[in-house]
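Me: I'd like to go through this model and ask how each label is earned. Can you take the questions as they come?

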Amino acid sequence: MENIETIDSVCTYCGVGCDIVANVNTKTNKIEKIFAHPDGVVSQGKLCIKGKYGFDFVDADDRLRIPRIKKSFLDKNPTIKEAIASSLVEYDDEWYESDLESATTATAMKLKEIQKNYGEKSVCSIGGARTSCESSYLFQKFTRHTLNSPHVDNCARVCHSPSLSGMKVTIGEGAATNPYNDIYNTEFMIVIGSNTTEAHPIIANRMIDVARDSDNLAVFDVREIKLHRFAKYKAIIPHEANLLVLNMLAYVIIDEELYFDDFIADRTRGFDEFKEKIMNDPYANPDYFKTLEGYEDLSKMIRKVAREYALKKSMIFWGLGITEHLDGSYAVMAIVHLALMTGNIGKSGAGLMPLRGQNNVQGACDMGMLPYYDPDYQTPKEVGLMTPQLVDGMLSGDIKALINMGEDITHIHPNINKVNKAIKELELIVVQELFMTDVAKKADIVIGVKSAYEKTGVYVNAMRRLHLSQPLVKSDLPDDWEVLQMLDKKMGGDSDYASSKDVWEEVQKVAYRRFSGADYHRLEKHRKRGLQWPVHTEDTPILHQLDFRTDDGLGLFQYNQYKLRGMIEEITTDSLSGYHLTTGRTLVHYNNSAQTKRTESLNKRYSEDILLVNENDADDFKSEKVILKTEFGETTPLTIKFTNKVQPKTLFTTFHHESSKINALFGDKCDEVILTAAFKSIKVEIVNI
């Protein structure tokens, strides 16, 4: 252990937000090992394979360390080229290398020109969920107040925006109601639309421990997942059936009078109208499944699940399998309805748990990195456009500049052919990143920044828990907020922060409803435990114990009927044909794999996106690889793996490798309320090659 320092921090991957410890060689400035605190509240002494081994990206040879400016951009902007000429160093045929001062000068000069020519709102900012709260806060502040543009958004748009939307309407707060450890206090669990062992494995560990002991788990998914092995109720549902199933659960609870009268009377409104609508909805009766060939058993199973949920202290967990649909916001509202009807909210072991994806997507939203919310979810002076609307604005010529902070929009967003066409219309794309991701390659100016393992900052995990990270290794790269501060000053702003602590102290004042008591000193003191917002004198592990966070303190019932479509309509009319694709993650990679693929042992395990096909459909797949095709685009050739874990006529693949072009398949279909892409179901054509 000579030259080895042990440092506490927080994992840089998913929204679970595991506490980590790193052994760092102070002589070489390298991470030697990462492991979990034996007594860590979140990790419970365990890390997933990404958290444990996926740190090689920090020292990767292709790490972006020196700012780059595209030659073609400078050729179009000779005045800017002249202003920074002395800093330019030849890199390759496409890029110059420069310094941070010159890169931010070039950015500021072009932003000023664009806003002068096209107006202040011609500029937009996207990203922030992969960096700290301090940087996300300054990103939206810089855009809204210095650039005077309302157009800010983050990757919640392609994941959990419907959770925020649906929960905000019904209970006034779009965040998890309970800590993870309440899993040990619950009597019954429903998991729907979450492949938890792959996407949130440290939470799945808790579920499995409890399910083994108590046999109290129901799992709903369109394919068989690992969590089904431990479930009492193993429900395989048709594509796009979430709202259908959730309304059926509510129907049974009402029909069999299993609801909690006193809770409904004291703490909710709108139940009588909700009750009348659902009891007169032909799609809400579980008997409807008796008419769907291959899914008849769900009619009885849904009734059993509803009874256990209503009569026990219960929790519901969901992921992108709920939110990435046309009715994602409505499905989230339907989940909340179940909790309101049965009083399964506001107490230990009973609550609602949206399983957030990115390491700081909860924090980015809390910081106001959304077009319709200021920090602390307050109303902004002007509501901006959401990302899909911004893409349309690029095509129409209304949006002329994009500042992108850690969001690979040309890889992880839908309809990537359209997105790529849109960004070609821009006059400026600036990207702050760790690597030359797909969007960075298409940018005009790219600035390398510190990773989470090289800086100090606050991250908020999926259960509202604040963790203060600290650097594991030293880096001379700037933090995201430092780049933004340089830009802010050059654009006439008044940013003057000496450290991330200064930024956070401002956050505490601006977003005082959540963070007034969460200063750095306190967060340092509770680094292993973390603090769950709202944090004032004490923190708040469980929300909604006395009132909901709506204007009147009451939970709202607002019924949304399922609309017949897609696979269910085809089964109903005996016309099921073709193949329906769904997408998701695998354990070893994270989203665009920009970090995980730099660890050879992880990338070897899953070096390409694999297409899972039901073994009974083998006759349609005549080659080792196939191309998937829709009207919007097509993938590159995908390797096939036959399995019995997906249903006939159902396909599954991941989206981690940009070379696969999975998101070229998806068009503009999205959640009706909040525009989150319908990634979880699309009909595809098979092209054998």
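Me: Which residues of helix 8 are buried?

Reply: This is a predicted model, so everything here is computed from it. In helix 8, the buried residues are Pro-201, Ile-202, Ile-203, Ala-204, Arg-206, Met-207, Ile-208, Val-210 and Ala-211. The cut-off for that word is a relative accessible area under 20%.

Me: What do the buried residues of helix 8 pack against?

Reply: Their partners are strand 9 (188–192), helix 7 (196–199), strand 10 (217–221) and strand 13 (314–318). To count as a contact, heavy atoms have to be within 4.5 Å.

Me: How do you know that the span of helix 8 agrees with what it should be?

Reply: Helix 8 (residues 201–214) has 14 residues, and at 1.5 Å a residue they should span 20 Å. The expected span uses one less than the number of residues. The end C-alpha atoms of helix 8 are 20 Å apart, so the two values agree. Right after the helix comes Asp-215, with a positive phi near 50 degrees.

Me: What makes Lys-528 and Asp-39 a salt bridge?

Reply: The cut-off is a side-chain nitrogen of Lys or Arg within 4 Å of a carboxyl oxygen of Asp or Glu. The closest N and O atoms of Lys-528 and Asp-39 are 3.3 Å apart, and the pair forms a salt bridge. Lys-528 sits in the loop between helix 23 (520–525) and strand 20 (531–532), while Asp-39 is in the loop between strand 3 and helix 1 (49–53), so the pair ties together parts 489 residues apart in sequence.

Me: Why is Lys-528 called partly exposed?

Reply: Partly exposed is what lies between the buried limit, under 20%, and the exposed limit, over 50%. Lys-528 has a relative accessible area of 34%, so partly exposed is the right label.

Me: What does the salt bridge of Glu-658 with Lys-441 tie together?

Reply: The closest N and O atoms of this pair are 3.3 Å apart. Glu-658 lies in the loop between strand 27 (650–654) and strand 28 (682–688), and Lys-441 in helix 19 (residues 438–441), so parts that are 217 residues apart in sequence are tied together. Glu-658, at 23% relative accessibility, counts as partly exposed. Lys-441 is partly exposed as well, with a relative accessible area of 41%.

Me: Where do Lys-604 and Glu-600 lie?

Reply: Both are in helix 25 (residues 600–605), four residues apart, about one turn of the helix. Their side chains meet in a salt bridge at 3.7 Å, N to O. Both residues are exposed.

Me: How many salt bridges does a search of the whole structure find?

Reply: It finds 41. There is also a network of salt bridges linking Glu-173, Asp-376, Arg-513, Arg-514 and Arg-549.

Me: Switching to strands, what makes strand 1 and strand 2 a pair?

Reply: Pairing takes at least two bridges. Strand 1 and strand 2 (residues 19–25) have seven, in the antiparallel sense. Thr-6 stands opposite Asn-23 in strand 2. The open sheet here has three strands in the order 1-2-3, with antiparallel pairing. Strand 1 (4–10) and strand 3 (30–36) are its edge strands, as each pairs on one side only. The twist from one strand to the next averages 25 degrees.

Me: How many bridges join strand 24 to strand 26?

Reply: Two bridges join strand 24 (residues 625–630) to strand 26, and these strands run antiparallel. The cut-off for pairing is at least two bridges. Val-626 stands opposite Leu-638 in strand 26. Strand 23 (residues 610–614) runs parallel to strand 26 (residues 638–643), joined by five bridges.

Technical notes
Residues numbered from 1 in each chain as written. Predicted model: local features only at pLDDT ≥ 70, side-chain atom pairs only at ≥ 80, totals over all residues. Heavy atoms only, no water. Axes fitted to C-alpha atoms, helices over the stretch in contact; angles between N-to-C directions. Buried < 20%, exposed > 50% of the residue type's maximum accessible area, 1.4 Å probe, protein only.
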